[in-house]
Amino acid sequence: MSINAIIVTGYGINADAELADAFKMAGAVPRRAHAADLLADPAQLASCSILAFPGGFSFGDHLGSGLVLANLFRSRMAAELKAFVAGGGLVLGICNGFQTLVKAGFLPDLDGNGQPSVALVHNDHGRFVDDWVGVRFEPASRCVWTAGLEPRLLPIRHGEGRFVADDATLGRLEANGLVALRYDGRNPNGSVHDIAGICDPTGRILGLMPHPEASIHPDTHPARRRPGRQLLGLDLFRAAVRWLEANNPA
Amino acid sequence: MRIEVRFSDRGLDGRAAGLADKLSRRLAVDIGVAVVDVFLSSAPVSVDRARFVLADPVAQTVAVDRPAASEPDLDGWSWLVEVAYRPGVTDTLAITAREALALDSGQSAPNLASARQYLLYGPLDRDAAGSCAALVHNPLIQTAVLISAADWRSGARPPASYPEPAVHDKPEPELLPVGRMGDDELLALSRDRLLALSLDELGAVRAWYADPATATARAERGLPPDATDVEIEMIAQTWSEHCKHKIFNADITYEEPGSPPQTISSLFKTYIRATTERLAPRKPFLRSVFTDNAGVVAFHQGSLLCVKAETHNSPSALDPYGGAITGIVGVNRDVLGTGLGAKPIFNTNVLCFAPPDTPEPEVPAGLLKPRDVLEGVHRGIVDGGNQSGIPTAAGAFLFDESYLGKPLVFCGTGGIMPETVGGKPSWEKAARPGHLAVMIGGRIGKDGIHGATFSSLALDEASPVSAVQIGDPIIQRRMTDFLLEARDLYLYRSITDNGAGGLSSSLGEMAESSGGVLIDLDACPLKYPGLSPWEILVSESQERMSLAVDPADWDAFRELAVRRGVEATVVGRFTDSGYIEILANGALAGLLSLDFLHHGLPVMSLPARWSPSGRPSSFPQPANDWTEALLSILAEPNAASKEPWVRQYDHEVQARSVEKPMTGVRRDAPSDGAVLRLDADTFRGITVTHGICPRYGDDDTALMARMAVDEAYRAHIALGGDPERAACLDNFCWPDPVESDANPDGAFKAAQLVRACRGLQDACLAYGLPLVSGKDSMKNDARAGGRVISVRPTLLVTLMGAMDDVRKAPSTDFLGPGELVYVLGSTGGELGCTLFERTRGPDARYGGAPDVDLGKALGLYKALARAVSGRIARSCHDCSDGGLAAALAESCLGGRVGLEAELGGLPGTWRTAGCPDPAPAALFSESGGRFVVSIRPEDRERFEETLSGHTVRWIGRTTADPGFTLTLDGRAVVRTDLDALERAFKTPIGGHGGGRI
């Protein structure tokens, strides 16, 4: 039984092709679906067990990163998405996709009411940044995408990646194991608690600023010529596929 | 009504923090900033809806008709600046907000305009506040309202609405009696309408209208014998230097001392096309060259690659940000419009500016300050490239005083497409009679009118506002996605982009394959009413492509466009009438024969007179220690680290980036170019490199061109590229080479052009590098403040090469201590025109420029390619700006290792060049054909065997100790360490390198 993944495209999303490659290399069967087509026919979700929102600049980020796309999904597909996750489906949002999930209220959704409660705002230095940064994964996190992963370098490229939340929300995220990954060493954007990615209370929805899909080939790693095996972002997709294989034996 | 969006906590607004940082630096006083986004709506929008649709639900607050500037938590500001777009300028924020409101409600949204308000905190008088306002808007496209806190308290407010473009009644085409005009009238017409046509050319137009056959044909279609403005504008755009490359196709009489005059009939045919034609038999990868928007090559089975570079200099001089964005999205469209459409996979940019610390008094009135140009262009590249989802793979920054008048903004793009589409070769396309002429993407406005002719003139105080367009990467991204989908469904038969000249150029060119076109200007979608028919035809409004669609495919094409949110409109039909027929206001408003339009342009005649530069030749003063000289070179803006700027470019999207702009242990050393993967399941890839060395043209532009080709090809080899499979683009940016009273040394500049073409040809033939596409920009002069500032003649060579296994790509950084370091190639003694000379003061003149022995170099390159392929050469760096010493320093910085090297045994003529102190030549000569290579000690024999017969010298070894010592005959001529090298190399450009990251 193949593990199918739907990759959302269109409206200025631009990292969909490599995200499809990543899922394919991890053993899943990816299909890119234009957001307009998916919103017109949400029943498509029944055909897959992974829904992924790639990075990019949906609607130009003109009104704030991911905002317009978030509102589209919130107003047209919230119920379907909730049912999809409840049925064991996995959801991933990378960079712009993370911003979309957060603004749509799908993540972290601590109270299950679909209300947005955290934000990703402009980097504290006000600039876009492209670099590879150290990332460590929280062993205590309930996130199924990152379970058991060791620290590694992952690429980042964003202008609005500063994770913020009020103290109460932050406390609940930390206490419930919803912080999935943190910047390790240098914090590139001023995120509170060095937070680089969070999951929802099911552990099945992950949003993160780093781009694991841009680290799927050893030869694109910045330390490609240096000794030792470099750990890749690809492992995250493998972890998700393994989890689905173990938990959805159908 | 006025909707205002802002962060509830000022501390969360990184944009405001970044701006406060910049304003504080520029004005040398502590300034705080709060940013408020403003939407002015023609109809009520509820606060709840606005909060939901226009703002971050958690971090931002929304107020309707309740000014943020009066809110207690923002209290304390001293000035308010509100910036809005001028009428008719694309307001992308408002467009997106409208779309968001419409998508949310399912109904059409009210008219919106956006503005941005800056609340400034700090002790600022009106002048200082005005300076801040000047730094946050460009008066060419935006207006700024400045209100003091005191005035605010007395009730002063920004406008309740901003003016919309004036709407005229349906403008009719105007008749111009061109066939009956005298010379003076013609010249006045050309000047008044910004036609940029010479008297010869105007004469040819007059003759065509005066021809009885023309009058008869017109009468038969009910047209008067007089020209319409629609026709004249179309002719001017089509015949512009920008579109027709009149100078590259001119008959040139070339003279140099001691030789009889020589006639060159078309530089393009003689030196560019002929080069490729001669190489074609042994370069089977060539698919389509010079005929399409970009050159097309087949480096690898199953897919084709194309590459193109453009310049966007004049617009960037006026509006650096918009000019640069439009440059990028424009060249992206070239690739998208190549063959049946290629997907852009990388961008490049090479940017030439005046030094950002140029003292203000040296900047003539009417020109922007170099720092503002640099920052604006850079921000444009950041937004244009990043938002398009195309990695910025490679590029360069150059700084030289001659770019004060016009900056040079070279934007390049490479694309990939399948070998076949619809079972046919993807690189071939043709509109056929009966096909629909379809325009897709953005709508037409008054922006960018006369861009093609404007760029064919010198920049002066009267340069038109309307010539600037602003690209929106997102509209184009959506169009790109749609087009690639439509291409794979084979829903169109031909495509080209709307760039310079707008529809007049795109449909005019496509009509050549069918034999005619009927253009219905009434059908064209407009941003706002009131455009004259000629404006619709030549507008360069962005994000538009023109296509030929078979009527049988139209329903499917349109249906897909609707689903993808892309506007597609039938604006005419291709015919075989032999004419361009133009309808406006329901009647025929233009009739131009294709033959006249495309072949009626008279050939220009151009004198070219060369005289050798006779650069004064002196020698640097002997010295015991050259450490400071090396540190000065590393700190010079041309060599210093561009990391803070480059880090703002996305070079990882699409997951192809093997060799990145910055390399080494800490990712802070420069690489020689880019290596990109092509697909996820193979190791096939490409290299992308550049060569550009305008300083050498001070001696001889032929040397400049040879060295530029060598630099690009050498970097390709250093990256591990296949010596046999590479192709080049040539982009010439020249000062006006047409001699006239106003341009007395035009003939010399023309001779420089001839010699550059010869140098280019020599090097390309020697290295086997076909030229597959190119572009020239011939009027890079500015008249301002009573001065003429002309760019140094500049040739950019962009190379795209093949690589079969990207895993073998070396990089510039040494891999560890204990490696053996070699210098490959011979070192000459020329120090003229080098970066070393530039750092020795304004009067230093060390004679002639460096050169390269092309034949010897090629043999060495092929041997080195074998060493790279065999994984013997572990690091590889070309020697260019700053010579051997700079290259060694960069390789050490990348690897964070020290070095001990002895240069006494360097092969070459450097000792015998006459300089009393041989050290500067050994350290800083910029002779071509050289590399720094490192290997493991155990590979020594294999390496030397692979390179045997070539010029190779072992000079030393890397060390764990951070010392950096270069000796000459045992005497230490450079003695320093990594920290000092790093400090020098990371000297911020213009005092502050793009801000902290």
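Which residue in strand 2 of chain B does B:Val5 stand opposite? In this predicted model, B:Val5 stands opposite B:Asp37. The pairing belongs to strand 1 (residues 2-7) of chain B, which has partners in both strand 2 and strand 3. The overall dimensions of the chain are given next, followed by its sheets, its domains and its contact with chain A.

Chain B has 997 residues. A compact globule with that number of residues would have a radius of gyration near 30 Å, and chain B agrees, with 29 Å. The C-alpha trace of chain B spans about 85 × 75 × 60 Å along its principal axes. Buried residues account for 60% of chain B. The secondary structure of the chain comprises 30 helices and 43 strands. Contacts reach far along the sequence. Among those between residues at least 6 apart in chain B, 81% join residues at least 24 apart.

One open sheet of chain B contains six strands in the order 3-1-2-5-4-6. Its pairing is antiparallel. Strand 3 (60-64) and strand 6 (142-148) of chain B stand at the edges. Each has a single partner strand, so one side of each is left without a neighbour in the sheet. From one strand to the next, the twist averages 20°.

Strand 1 of chain B lies between strand 3 and strand 2 in the strand order. Five bridges join strand 1 to strand 3 of chain B. Four bridges join strand 1 to strand 2 of chain B. Both pairs run antiparallel. B:Val5 takes part on both sides: its bridge partner in strand 3 of chain B is B:Val62, and in strand 2 of chain B it stands opposite B:Asp37. B:Ile3 stands opposite B:Val64 in strand 3 of chain B. Strand 1 of chain B is also largely enclosed by the rest of the structure, because five of its six residues are buried.

A helix covers part of the same region. Helix 2 (47-54) of chain B packs on the sheet and touches strand 1, strand 2 (32-41) and strand 3 of chain B. The direction of helix 2 makes about 145° with that of strand 3 of chain B.

A further open sheet of six strands in chain B has the order 27-30-31-36-32-33, with mixed pairing. Its edges are formed by strand 27 and strand 33 (771-777) of chain B. Each of these has a single partner strand, so one side of each is left without a neighbour in the sheet. Neighbouring strands of this sheet are turned by 20° against each other on average, direction ignored. Within the sheet, strand 31 (residues 685-691) and strand 36 (residues 794-803) of chain B pair in the antiparallel sense over seven bridges. B:Gly691 has B:Val797 as its bridge partner in strand 36 of chain B.

The domain assignment of chain B gives domain 1 (2-153), domain 2 (177-226) and domain 3 (227-249 + 430-601). The C-alpha centres of domain 2 and domain 3 of chain B lie 23 Å apart. Their contact takes 16 residues from domain 2 of chain B and 17 residues from domain 3 of chain B. On the domain 2 side, helix 7 (199-210) and helix 8 (212-220) of chain B are the elements that give two or more residues. Helix 7 of chain B gives the most, with five residues. By class, this side divides into 11 nonpolar, one polar and four charged residues.

Helix 9 (residues 229-238) of chain B is mostly covered, with 10 of its 10 residues buried. Among the buried residues are B:Asp229, B:Glu231 and B:Glu233, as well as B:Val230, B:Ile232 and B:Met234.

Chain B also touches chain A. The contact takes 55 residues from chain B and 54 residues from chain A. On the chain B side, the elements that give two or more residues are helix 1 (14-27), helix 2 (47-54), helix 3 (92-105), helix 14 (370-388), helix 16 (473-488) and strand 27 (657-659) of chain B. Helix 3 of chain B supplies the largest share, seven residues. The chain B side has 24 nonpolar, 14 polar and 17 charged residues. Two of the listed elements recur from the sheets: helix 2 of chain B packs on the sheet that includes strand 1, and strand 27 of chain B stands at an edge of the mixed sheet.

Notes: Residues numbered from 1 in each chain as written. Chains lettered and ligands numbered in written order. Predicted model: local features only at pLDDT ≥ 70, side-chain atom pairs only at ≥ 80, totals over all residues. Domains from an automatic or database assignment. Contact = placed C-beta atoms within 7 Å. Nonpolar A, V, L, I, M, F, W, Y, C, P; charged D, E, K, R; others polar. Buried ≥ 20, exposed ≤ 12 C-beta atoms within 10 Å, placed from the backbone. Pairing = 2+ DSSP bridges. Axes fitted to C-alpha atoms, helices over the stretch in contact; angles between N-to-C directions. Rg over C-alpha atoms; globule rule 2.2 N^0.38 Å.
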